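Here's a quick tour of the pockets in this one. Have the structure open and follow along.

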Amino acid sequence: MDKYDIRRQHRELYTCSSEDFTEVHVPEFGYLAVDGTGDPNSSEEYADAVEALYSVAYTVKFTSKKELGRDFVVGPLEGLWWSEDMRTFLTRNKDLWSWRMMIAQPPWITDDMVDDAITAAGDKARVKKKPLPSLPRVRPFRLTEGRALQILHIGPYDDEGPVLQRLHTQVMPERGVTFAGDHHEIYLSDPRRTAPDKLKTILRQPVTGIQER
């Protein structure tokens, strides 16, 4: 049985240059998602949200394999980030950030399957007496980003500021585009097992031509 792997199936979206921004077209994907606010480095809400997200993701995977005979690799953690003042991403004032953490799903995973997996994950957590306080906030979510610019950032998350500064003040004006969606990050490395200077993160910004607005 071949495993579906979104990073192989859509290689152009999960690999890119670390030297310059490249343009991609991102079709609609289904995700598991959970929303929150605040600094991900110090927020208990963030840690709980990610734990709940992975619990549901692996429940969906095992159910798909058992009931449908279709296995897949759980995709990387992804995040949409926004703020009332976008300059907070350049200054790294994380307390003012809002986030939506996500894990992409194969195309055959339905909303009903996600809802069933959330229920099953909750039942399992109760049996193990290991609460998942953010589990009720996990939900199916669909996103179509369309035209986007992205780059591979190698290094600590807090070093992203200059890269985003270049995107916002140089690259986007030069290409005649403006914001058309939330800042999107795709985490290709596990921060628990990877040195900060070797972390690999795709930074993606949906855009549209200024004349198209």
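In what follows, Ala, Val, Leu, Ile, Met, Phe, Trp, Tyr, Cys and Pro count as nonpolar, Asp, Glu, Lys and Arg as charged, and the others, Gly among them, as polar. Keep in mind that this is a predicted model. Two pockets are on the list: the largest, at about 800 Å³, and the second largest, at about 290 Å³.

**The largest pocket**

- The largest pocket has a volume of about 800 Å³.
- Its lining takes in 28 residues, and Tyr46, Leu77, Tyr157, Tyr187 and Pro191 sit closest to the centre.
- Three elements, α3 (44-68), β2 (77-82) and β6 (183-187), each supply two or more of the lining residues.
- Of the contributors, α3 gives the most, with five residues.
- By residue class, the lining of the largest pocket splits into 17 nonpolar, eight charged and three polar.

**The second largest pocket**

- For the second largest pocket, the volume comes to about 290 Å³.
- There are 13 residues lining this pocket, and the ones closest to its centre are Ser55, Thr59, Lys124, Lys128 and Leu132.
- Here the elements giving two or more lining residues are α3 and α5 (111-128).
- Again α3 has the largest share, this time with six residues.
- Sorted by class, the second lining holds seven nonpolar, four charged and two polar residues.

**The helix to watch**

- Which element gives the most to the lining of the largest pocket? That's α3, with five residues, and α3 also provides the largest share of the second largest pocket's lining, six residues.

Note on methods
Residues are numbered from 1 along each chain as its sequence is written. This is a predicted model: local features need pLDDT of at least 70, side-chain atom pairs count only at pLDDT 80 or more; totals for chains, interfaces and linings use all residues. Side-chain values use heavy atoms; hydrogens and water are left out. On a 1 Å grid over the protein atoms alone, a cavity is a set of points where a 1.4 Å probe fits but cannot get out, and a pocket is an open set with protein on both sides within 12 Å along at least five of seven lines; lining residues have an atom within 4 Å of a point. Grid points are joined across faces, edges and corners, and a volume is the space filled by probe spheres set on the points. Helices (H or I, at least four residues) and strands (E, at least two) are DSSP runs, numbered from the N terminus.
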